[in-house]
Amino acid sequence: ETSRIAQPIGTALDRFIKNHQDQFAFASGELSQLLRDIALASKVVNREVNKAGLIDIMGAAGSTNNTGDQQQKLDVLANIRFTRALMKGGEVCALVSEESESYVDLNNEGKYVIAIDPLDGSSNIDVNVSIGTIFSIYRRKSIAGMPIQEEDILQKGSDQVAAGYILYGSSTMLVYTTGHGVNGFTYEPSLGEYFLSHPDMQMPADGKIYSINEGSANSFEKPVKDYIQHCKDNNYTARYIGSLVADFHRNLLKGGIYIYPATAKDPQGKLRLMYECNALAFIAEQAGGKASSGKARILDLEPRHLHERTPFYVGSKNMVTKAESF
Ligand code: P6P
């Protein structure tokens with residue numbers, strides 16, 4: 001399959017996208033350009049994340065986003081940067097963001113719709129813990145030039161044409177899929193370029209790391225409690241960074257499972273289907289992993305509203321299957 005023709009490590013992102021453009025359905029270059037627009041915006045956000053401690057942009061902006069989260073200034077900045085880059089890029093007609101109550105009509109003729117969490121884990125900014133951007137890309141379903149329809153906005157995860165994340169960590173990485181495997185690029189700030197560092201990423205089928213916030217364990221449903229006990233009985237390692245992209249990325253590389261189940265505080269789970277779970281589920285499956293609500297495949301869930309939450313089990317295929325069996 002052409003998609004698995006690994007490019008040499010060190011290939012620059014632009015060259016990689018160009019070399020793989022033939023795989024994109026409707027390969028008319030728009031999706032390539034959209035990926036470049038996202039990469040560009042991430043470079044600007046990366047620069048701001050890296051100097052957050054220097055300029056008084058840390059600490060809460062005082063406002064709260066539509067989900068009641070205390071908005072950090074970097075949240076606001078990241079949302080602005082990605083929205084502006086996508087508006088100027090012209091490839092996206094509508095944007096769904098954690099930071100916006102309803103979808104944003106970008107007034108473009110673009111063929112694509114993007115769902116994005118511009119800066120997930122933002123409560124970690126003040127303590128210098130890795131944070132991330134998560135995005136899903138869909139084809140517009142309604143006729144270009146006509147008003148945006150609900151069918152354009154509320155699409156199942158299985159309809160994604162691309163998905164990815166940027167991890168602003170000890171190094172900054174862009175990891176994405178277009179349905180032909182998963183590739184990871186590491187940012188070289190001195191050159192302002194992403195370079196292929198992790199070609200054709202495969203998530204180990206098994207692992208011994210479990211990621212869950214056990215502070216909420218008293219309200220976990222019995223199957224979750226029993227699975228955690230199974231992990232302890234098998235001497236697994238507990239690793240919970242409290243930043244979804246960082247926990248996901250580690251599990252992608254080393255094998256492991258991340259669980260955010262239903263809790264008393266969040267009876268539907270805390271994570272969002274449209275701009276957190278669907279993207280990571282697509283990436284997980286493309287890397288040989290699995291993503292479930294505990295009862296159903298994440299990518300099969302029919303979204304009912306933009307900010308819908310779902311319980312989320314994602315990671316090594318055999319670990320997710322085991323967790324579902326409790
Ligand atoms: P808790 C961060 O707010 C986030 O959305 C994810 O990045 C992270 O995994 C989770 O919530 C942490 O939530 O309830 O464990 O603090």
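## Worked exercises: sheets, loops and a ligand shell

Ile209 sits across from Thr237 of S12. We'll start from that pair in a moment. The model is predicted, so know the filters: local features need pLDDT of at least 70, side-chain atom pairs count only at pLDDT 80 or more, and totals for chains, interfaces and linings use all residues. Residues are numbered from 1 along each chain as its sequence is written, and side-chain values use heavy atoms, with hydrogens and water left out.

**Exercise 1. Place S11 and S12 in their sheet, and find the edge strands.**

Step 1: get the terms straight. Strands (E, at least two residues) and helices (H or I, at least four) are DSSP runs, numbered from the N terminus. Two strands pair if DSSP finds at least two bridges between them.

Step 2: look at the pair. S11 and S12 run parallel, with two bridges joining them.

Step 3: widen the view. The order is S12-S11-S13-S15-S14, an open sheet of five strands with mixed pairing.

Step 4: pick the edges. S12 and S14 each have a single partner strand, so one side of each has no neighbour in the sheet.

**Exercise 2. Do likewise for the eight-strand sheet, then check the pairing of S6 with S7 and of S9 with S10.**

Step 1: read across. This open sheet goes S4-S3-S5-S6-S7-S8-S9-S10, again with mixed pairing.

Step 2: edges. S4 (104–105) and S10 are at the ends with one partner strand each, so each keeps one side without a neighbour in the sheet.

Step 3: S6 (residues 131–139) and S7 (residues 160–168) are antiparallel over eight bridges. Within that pair, Ile134 faces Tyr165 of S7.

Step 4: S9 (residues 182–188) and S10 (residues 193–198) are antiparallel too, over five bridges. Thr186 has Phe195 in S10 as its bridge partner. Four residues separate the strands of this hairpin, and Gly192 has a positive phi near 70 degrees there.

**Exercise 3. Which residues other than glycine have a positive phi, and how accessible are they?**

Step 1: one of them is Asp200, with phi at about 50 degrees. Asp200 belongs to the loop between S10 and strand S11 (209–211).

Step 2: another is Asn235, whose phi is near 55 degrees. Asn235 is in the loop joining helix H5 (222–233) to strand S12 (237–238).

Step 3: apply the accessibility scale, where buried means under 20% relative accessible area, exposed over 50% and partly exposed in between (1.4 Å probe, protein chains only). Asp200 comes out partly exposed at 30%, while Asn235 is exposed at 64%.

**Exercise 4. What does the side chain of His307 contact?**

Step 1: locate His307 in the loop between strand S14 (290–292) and strand S15 (312–315). His307 is buried, at 10% relative accessible area.

Step 2: recall that a polar contact is a pair of N or O atoms within 3.5 Å; within protein, one must be able to donate a hydrogen and the other to accept it, and residues adjacent in sequence count only if both atoms are side-chain atoms.

Step 3: list the partners. The side chain of Tyr275 makes such a contact at 2.6 Å, and the backbone oxygen of Ser100 is 3.1 Å from a polar side-chain atom of His307.

**Exercise 5. Describe the shell around the ligand.**

Step 1: collect residues with a heavy atom within 4 Å of the ligand. Among them are Asp120, Tyr240, Ser243, Leu271 and Glu276.

Step 2: sort by class. Ala, Val, Leu, Ile, Met, Phe, Trp, Tyr, Cys and Pro count as nonpolar, Asp, Glu, Lys and Arg as charged, and the others, Gly among them, as polar. That gives five nonpolar, four polar and three charged residues.

Step 3: check polar atoms. Ligand oxygen atoms lie 2.9 Å from a polar side-chain atom of Asn213, 2.6 Å from a side-chain N or O of Tyr260 and 3.0 Å from a polar side-chain atom of Lys270. The protein covers 80% of the 400 Å² of accessible area that the ligand has on its own (Shrake-Rupley method, 1.4 Å probe).

**Exercise 6. Why is Cys277 not bonded to Cys231?**

Step 1: a disulfide needs two cysteine sulfur atoms within 2.5 Å. The structure has zero disulfides.

Step 2: the closest cysteine sulfur to that of Cys277 is in Cys231, 19 Å away, which is too far for a bond.

Step 3: Cys231 is buried at 0% relative accessible area, and Cys277 is buried at 0% as well.
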